[in-house]
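Good morning, and thank you for the time. Please look at the sequence and the structure as they come up, and keep them in view while I speak.

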Amino acid sequence: MYLKIEKIAKLSLDWEVNVYFKLFAFDQIRDQYLVIEDKEVPARRFYEMRTKWGFSQFFSQETFNDAANGYLVDDCCTFGAEVFEIQRTLKLKKLVLKKPSR
């Protein structure tokens, strides 16, 4: 499962978006979510060369297809994502260089 940023053509040339995210799979039998997140590197940077982040294997196909696990029941499943954007604050300082006086 992956998150992908869309409509990048509308963004400025030097765009980047930094986020914390979690992905979810709903267990319909136990009425709870399986939560997947990267605890080692919790923040991810989306930019022109990296427009998607996620996990190549959320769980095995066998686990997903086994109705006893609750993820796929009556050919229905529910996935979700929680995404928090990290706002960067930009501080500008005015610096004036003067010729040294002799």
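Of the 102 residues in the protein chain, 22% count as buried. I should say at once that this is a predicted model. The accessible surface of the protein chain amounts to about 8,800 Å², and carbon and sulfur atoms hold 52% of that surface.

Next, the fold. The protein chain contains one helix and six strands. Read from the N terminus, the order of elements is β-β-β-β-β-α-β. Among contacts in the protein chain with a separation of 6 or more, 67% join residues that are 24 or more positions apart.

I turn now to the interior. In soluble globular proteins, nonpolar side chains tend to be buried together. Here, the largest nonpolar core has 15 residues, and those with the most contacts inside it are F21, L23, F46, F58 and F59. Strand β2, residues 16–27, supplies the largest share of this core, with four residues.

Let me dwell on F58. What does F58 touch, if we leave out residues up to four places away in sequence? The list is M1, L23, F24, A25, L34, I36 and F79. F58 has a relative accessibility of 11%, so it counts as buried, the limit being under 20%.

That brings me to the aromatic residues. The structure holds eight aromatic pairs. One of these pairs is F58 with F59, an edge-to-face arrangement with 5.2 Å from centre to centre and 70° between the planes. F59 is also buried, at 18% relative accessibility. Another pair, F64 with F79, is stacked, with 6.0 Å between the centres and 25° between the planes. Because F64 lies in helix α1 (residues 61–65) and F79 in strand β6 (residues 79–85), this pair ties together parts that are 15 residues apart in sequence. Of these two, F64 is buried at a relative accessible area of 15%, whereas F79 is partly exposed at 38%. Taken together, F58, F59, F64, Y71 and F79 form one aromatic cluster.

Now to the charged side chains. Side chains of opposite charge can pair when their charged atoms come close. The count in this model comes to four salt bridges, and I shall describe some of them.

D38 and R44 meet through their side chains at 2.6 Å, N to O. In this salt bridge, D38 is partly exposed, with a relative accessible area of 25%, and R44 counts as buried at 18%.

D27 pairs with R30, and their closest N and O atoms are 3.3 Å apart. Is D27 buried or exposed? D27 is buried, with a relative accessibility of 4%, while its partner R30 is partly exposed at 42%.

E37 forms a salt bridge with K39, with 3.4 Å between the closest N and O atoms. Here E37 is partly exposed at 30% relative accessibility, and K39 is exposed at 67%.

Finally, I would draw attention to two places where a charged side chain lies over an aromatic ring. R50 is placed over the face of W53, at 3.5 Å from the ring centre. K52 is placed over the face of Y2, at 5.1 Å from the ring centre.

To close, I would return to F58: this residue is among those with the most contacts inside the largest nonpolar core, and it also belongs to the aromatic cluster with F59, F64, Y71 and F79. Thank you; I am glad to take questions.

Note on methods: Residues numbered from 1 in each chain as written. Predicted model: local features only at pLDDT ≥ 70, side-chain atom pairs only at ≥ 80, totals over all residues. Heavy atoms only, no water. Core = buried A, V, L, I, M, F, W, Y, C linked by side-chain atoms within 4.5 Å. Buried < 20%, exposed > 50% of the residue type's maximum accessible area, 1.4 Å probe, protein only. Helix = DSSP H or I, 4+ residues; strand = E, 2+ residues; numbered from the N terminus. Contact = heavy atoms within 4.5 Å. Areas by Shrake-Rupley, 256 points an atom, 1.4 Å probe, with all protein chains shown as cover. Phe/Tyr/Trp six-rings, centres within 6.5 Å; stacked < 30°, edge-to-face > 60°. Lys NZ or Arg CZ within 6 Å of the ring centre and 35° of its normal.
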